[in-house]
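Here are my notes on this model. Please read them with the structure open.

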Amino acid sequence: MTQTADSDAISPSVQLSRFVAGSRWEDVPAEVRHAARRAILNFFAVAISAARTPSLDIAVRTYARFSAGPQASLAGRPDRVDVLSAAALNAMAANVFDFDDTHHPTIIHPSSPIAPVLFALAETRPMSGQELLHAFVLGVEVACRIGNAISPEHYARGWHITSTCGVFGAGLAAAKSLGLDVRQNVHALGVAAVQAGGLVEALGTGAKSVSVGNAARNGLLSAFLAAEGFDGPALPLEGERGFLRVVSDSPRLTAMTERLGDSWELLNNAYKPYPCGVVLNPVIDACLELSSDPRIQDGGWRGISRIALTGHPLLRQRTDRPDVTSGRQSQVCAQHAVAVALVRGCAGLTEFSDEAVADPVLRGLGQRLVFTDDPAMSVDAVKLRIEFSDGSVLQREVTEPRGSLARPLEDDAIEQKLRDLVRYAGVDVDADRLIDSVWSLETAGDAALPMRLAATRK
């Protein structure tokens with residue numbers, strides 16, 4: 001459903017709202033449909049992995065005190081809560097371990113705030129798998145296009161872009177499922193805009209997950225309110241004091257509507273092989289490659305005198321955290337990632353745990369790390385130089401890390417990720433049945449089946 005020149009005079013808020021309201025499943029290319037199933041498969045993997053963590057236990061107990069009833073399920077748990085709480089809690093779980101998907105141009109993790117909204121709705125009203133997938137694709141498109149308009153300065157200023165833009169994707173995904181028209185969609189954007197929030201300062205803490213959960217909950221609430229006649233500003237995104245101009249100095253409005261319906265942002269989505277900030281992927285790749293070198297193995301790493309990382313400034317800005325004290329903090333800590341990958345030769349959830357962070361061997365090695373900024377380098381690239389006390393040197397350069405758009409995880413790797421994370425969580429979920437239900441979602445009459453399979457009985 002390509003936008004024409006006639007739409008140039010129409011505001012981006014209206015153009016996005018019109019696109020969502022008028023989109024047909026037949027307009028969505030096969031490769032985008034497949035990408036949607038990949039994203040949802042990864043969503044269930046990461047949501048289940050964190051379902052029994054202490055932070056989720058606290059959140060579930062707290063939300064449950066105010067739940068309106070047992071309406072919807074939680075991935076990896078037996079609890080049932082109201083629709084708004086289910087959307088929030090499943091979104092929080094999916095983002096806890098920083099193992100969720102990443103839209104490379106913006107570093108938005110789109111599935112975490114959007115998929116839970118649709119599965120919560122699917123458990124309370126008739127919805128086919130095709131309808132859920134369609135709404136999901138459109139929600140991702142909205143969130144990421146808004147993100148394109150304000151990147152990279154929005155994130156650089158300290159806004160947690162998954163949360164701030166995710167609320168719009170969640171809102172219009174829900175609006176599509178509820179059958180809202182163009183006017184109602186604009187109002188949903190307006191209600192979402194006044195609820196957008198999230199700070200990069202909160203990375204590594206439970207507060208970060210709260211803002212992701214709020215993006216899902218508040219987006220769904222925005223659609224519910226708009227459906228009942230609640231209104232909002234006419235220009236919620238691009239108005240003089242609208243979202244874009246408040247959170248960015250020079251928003252690029254055309255980024256929201258250029259080639260709308262021809263170019264799909266879900267195809268710019270990638271999946272992490274490691275549970276950490278995406279800028280650490282090339283670092284871990286480089287360290288894992290060198291971990292098998294004889295000068296590193298069998299304690300040889302003890303002779304390392306200096307570890308130098310050269311990368312895009314974002315690498316240092318986001319991951320230079322030498323004094324982390326928890327597993328969650330270590331997911332955005334280069335000092336820990338480098339040390340654990342070199343010493344243990346792996347980088348899974350166990351390596352980013354409280355136990356691993358407390359290891360004095362890893363803490364000592366991480367202290368030998370130094371950064372060099374190179375603005376000309378891609379965020380997907382890194383140069384690693386390891387210097388030994390005897391004067392020898394090991395070097396590795398990574399330009400296309402595993403999990404990037406250039407080297408994406410294949411379907412079977414995402415399937416295995418789900419199996420591994422179900423096993424890690426220790427929950428009673430049949431991973432293979434869940435995998436099959438996601439791959440067959442397009443032809444399923446009941447879109448809620450995957451979430452029911454992801455929930456546990458005890």
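The points below cover a helix pair, the nonpolar cores and the aromatic pairs.

1. This is a predicted model: local features need pLDDT of at least 70, side-chain atom pairs count only at pLDDT 80 or more, and totals for chains, interfaces and linings use all residues. Residues are numbered from 1 along each chain as its sequence is written, and side-chain values use heavy atoms, without hydrogens and water.

2. The axes of helix H2 (residues 30-49) and helix H4 (residues 83-96) come within 7 Å and cross at roughly 85°. H2 and H4 are therefore roughly perpendicular (65 to 115 degrees). Phe 43, Val 46 and Ala 47 in H2 are in contact (heavy atoms within 4.5 Å) with Asn 90, Ala 93 and Ala 94 in H4.

3. The largest nonpolar core (buried nonpolar residues joined through side-chain atoms within 4.5 Å) has 114 residues. Buried means under 20% relative accessible area, with a 1.4 Å probe and protein chains only. Phe 44, Phe 136, Ile 146 and Phe 168 touch the most other members. Helix H6 (residues 129-150) gives the most to this core, with 13 residues. Another core, of 38 residues, lies apart from it and includes Ile 284 and Leu 369.

4. The count of aromatic pairs (ring centres within 6.5 Å) is six. Phe 44 and Phe 119 have ring centres 5.0 Å apart and planes at 65°, so the pair is edge-to-face (over 60 degrees). Phe 44 is in H2 and Phe 119 in helix H5 (residues 111-122), 75 residues apart. Both Phe 44 and Phe 119 are buried. Ring pairs link Phe 43, Phe 44 and Phe 119 into a cluster.

Notes
Axes are lines fitted to C-alpha atoms, for helices over the stretch in contact, and angles run from 0 to 180 degrees between N-to-C directions. Helices (H or I, at least four residues) and strands (E, at least two) are DSSP runs, numbered from the N terminus. Angles under 35 degrees count as roughly parallel, over 145 as roughly antiparallel, 65 to 115 as roughly perpendicular and the rest as oblique. Buried means under 20% relative accessible area, exposed over 50%, partly exposed in between (1.4 Å probe, protein chains only). Rings of Phe, Tyr and Trp (its six-membered ring) pair if their centres lie within 6.5 Å; planes under 30 degrees apart count as stacked, over 60 as edge-to-face and the rest as tilted.
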